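The exercises below practise reading a protein chain from its overall form down to single residues. Please work each task before reading its solution.

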Amino acid sequence: MEKNEILMIYGKNYKEMTKEILTSAKLAEQIGDKKKKIGLKPNLVVAKTPDSGATTHMEMIEGTIEYLQENGFKNISITEGSWVGDRTQAAFRVCGYPEVARKYGVKLVDNQQDTYKSYNAKGMQLNVCDFPMSLDFLINMPVLKGHCQTTITCALKNNKGLIPNSEKRKFHTMGLHKPIAHLATVVPNDFILVDNICGDLDFEEGGNPVTMNRIMAFRDPVLCDAYVCETMGYPVSEVAYIGMAEKLGVGCADTSKAKIIELNEGCNAKGKIRMTRRVQELAKYVEPVDACSACYGSLIYALDRLNDMGMLRNCKKKIAIGQGYKGQTGEIGIGHCTCGFEKSCKGCPPKAIDMVEFLKKEL
Ligand code: SF4
């Protein structure tokens with residue numbers, strides 16, 4: 001897999017999807033020497049299960065470990081430090097990590113209890129935990145979700161779980177963006193496997209999961225977060241740490257240079273969307289018929305952006321979405337399936353940012 005490539009896979013069998021995407025990415029080749037010390041860094045910000053939209057799905061962890069072990073890698077650990085308000089051990093327990101560690105014989109490392117050293121991160125002195133810095137290869141496994149302070153959170157912000165609690169507090173006093181960008185210059189960012197299964201609409205702690213049923217792989221954490229912005233309906237310029245990390249040489253934020261490789265079609269993941277009250281409020285503008293999860297979920301993100309802009313206040317229109325509209329006519333529709341409509345947003349599935357621009361004009 002090249003640095004400008006983005007791999008995606010849709011479906012509901014998350015463990016098998018994980019193994020398939022890692023095989024397609026040729027991760028084993030990228031890692032190389034079988035003796036390398038490999039770390040998996042999930043997002044266990046709080047002690048909540050993944051269906052809340054806050055934490056990485058265990059099926060992805062299991063799929064990654066199985067893939068690595070089947071390819072002859074033996075030195076595997078899971079390394080994480082929850083946010084200051086929660087204990088990593090509690091998050092490990094709630095999400096079933098001790099059982100998985102036993103089942104596969106992998107080590108669990110709580111970074112909240114680790115020692116640390118100070119590093120010069122391109123002009124900013126930052127403390128980073130010793131265990132993750134001792135790894136030969138780190139697989140970052142963030143959840144794609146919203147964040148109340150930084151708008152989105154994915155690869156770059158997930159690195160905060162590699163620093164001690166005292167440093168996390170300092171990050172907040174520094175406004176998060178700048179230290180997040182500098183941190184990425186020293187921590188390993190070898191491979192990123194994004195849990196885009198049901199990340200939260202706008203809150204790191206979960207509560208409003210948006211079903212997408214998708215897993216994505218990247219080699220560039222800056223490209224990852226830039227693409228995530230567009231997936232959630234935000235211009236990349238709205239999330240300052242992405243541009244800062246790019247300027248520091250961490251990666252490329254220009255999504256137009258990315259090569260997107262879809263390993264299957266969005267229609268591999270259809271079905272009922274979990275409706276919290278907040279998602280339900282946005283869904284009342286939608287008329288779905290047999291919609292794919294990633295298409296519907298992206299529309300929920302787009303409607304949330306329009307709602308933030310006050311554009312849904314007097315909206316009486318309904319937006320059609322889904323394979324049930326193929327070959328049909330109508331007024332406003334989303335995606336290739338509604339190409340017979342008077343107004344239709346192109347794509348299969350379209351990105352939320354394109355839906356926002358389309359709906360701004362047409363609603
Ligand atoms: S355009 Fe149609 S087929 Fe494509 S993702 Fe959307 S609903 Fe699915």
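Five exercises with worked solutions follow.

The model is predicted, so local features are given at pLDDT of at least 70 and side-chain atom pairs at pLDDT 80 or more, while totals for chains, interfaces and linings use all residues. Residues are numbered from 1 along each chain as its sequence is written, and side-chain values use heavy atoms, with hydrogens and water left out.

**Exercise 1. The whole chain**

Task: Determine how many helices and strands the chain has, and describe its overall form.

Solution.
Step 1. Helices (H or I, at least four residues) and strands (E, at least two) are DSSP runs, numbered from the N terminus. The chain has 14 helices and 16 strands.
Step 2. The radius of gyration is taken over C-alpha atoms, and the globule rule is 2.2 Å times the number of residues to the power 0.38. For 363 residues the rule gives 21 Å; the chain has a radius of gyration of 20 Å, close to that figure, so the chain is as compact as a globular protein of that length.
Step 3. The C-alpha trace spans about 60 × 45 × 35 Å along its principal axes.

**Exercise 2. Surface, interior and contacts**

Task: State what percentage of the residues in the chain is buried, then describe the exposed area and the contacts.

Solution.
Step 1. Buried means under 20% relative accessible area, exposed over 50%, and partly exposed in between (1.4 Å probe, protein chains only). Buried residues make up 59% of the 363 residues.
Step 2. Accessible areas come from the Shrake-Rupley method with a 1.4 Å probe, and for residues only the protein chains shown count as cover. The chain exposes about 14,300 Å², of which carbon and sulfur atoms supply 48%.
Step 3. Contact means heavy atoms within 4.5 Å. Of the contacts with a separation of 6 or more, 72% are between residues 24 or more positions apart.

**Exercise 3. Two helices**

Task: Which residues of helix H14 are buried, and how many are buried in helix H10?

Solution.
Step 1. Helix H10 covers residues 221-231, and 11 of its 11 residues are buried. Among them are Pro 221, Tyr 227 and Glu 230.
Step 2. A polar contact is a pair of N or O atoms within 3.5 Å; within protein, one must be able to donate a hydrogen and the other to accept it, and residues adjacent in sequence count only if both atoms are side-chain atoms. At the start of H10, a side-chain oxygen of Asp 220 comes within 2.8 Å of the backbone nitrogen of Val 222.
Step 3. Just after H10, Gly 233 has a positive phi of about 90°.
Step 4. In H14, the residues Ala 352, Ile 353, Met 355, Val 356, Phe 358 and Leu 359 are buried. The elements covering them include H10, H13, strand S14 (319-321), strand S15 (332-334) and S16.

**Exercise 4. Backbone features in loops**

Task: Locate Leu 176, Asp 290 and Pro 349, and describe the backbone at each.

Solution.
Step 1. Leu 176 lies in the loop between H8 and H9. Its phi is near 65°, a positive value in a residue other than glycine. Leu 176 counts as buried because its relative accessibility is 1%.
Step 2. Asp 290 lies in the loop between strand S13 (286-288) and helix H13 (293-308). Its phi, near 60°, is likewise positive in a residue other than glycine. With a relative accessible area of 43%, Asp 290 is partly exposed.
Step 3. Pro 349 is in the loop between strand S16 (343-345) and helix H14 (352-362). The peptide bond from Cys 348 to Pro 349 is cis, with omega near -5°.

**Exercise 5. Neighbours of loop residues**

Task: Which residues does Asn 264 touch, and which does Thr 211 touch, not counting residues up to four places away in sequence?

Solution.
Step 1. Asn 264 belongs to the loop between strand S12 (259-262) and helix H12 (277-283). With that exclusion, Asn 264 touches Met 8, Ile 9 and Tyr 10.
Step 2. Asn 264 and Tyr 10 are 254 residues apart in sequence, but their C-alpha atoms are 6.5 Å apart in space. The side chain of Asn 264 reaches the backbone oxygen of Tyr 10 at 2.7 Å.
Step 3. Thr 211 sits in the loop between strand S10 (191-196) and strand S11 (214-218). Thr 211 counts as buried because its relative accessibility is 12%.
Step 4. Not counting residues up to four places away in sequence, Thr 211 touches Ile 197, Cys 198, Ile 273, Arg 274, Ser 293 and Gly 297.
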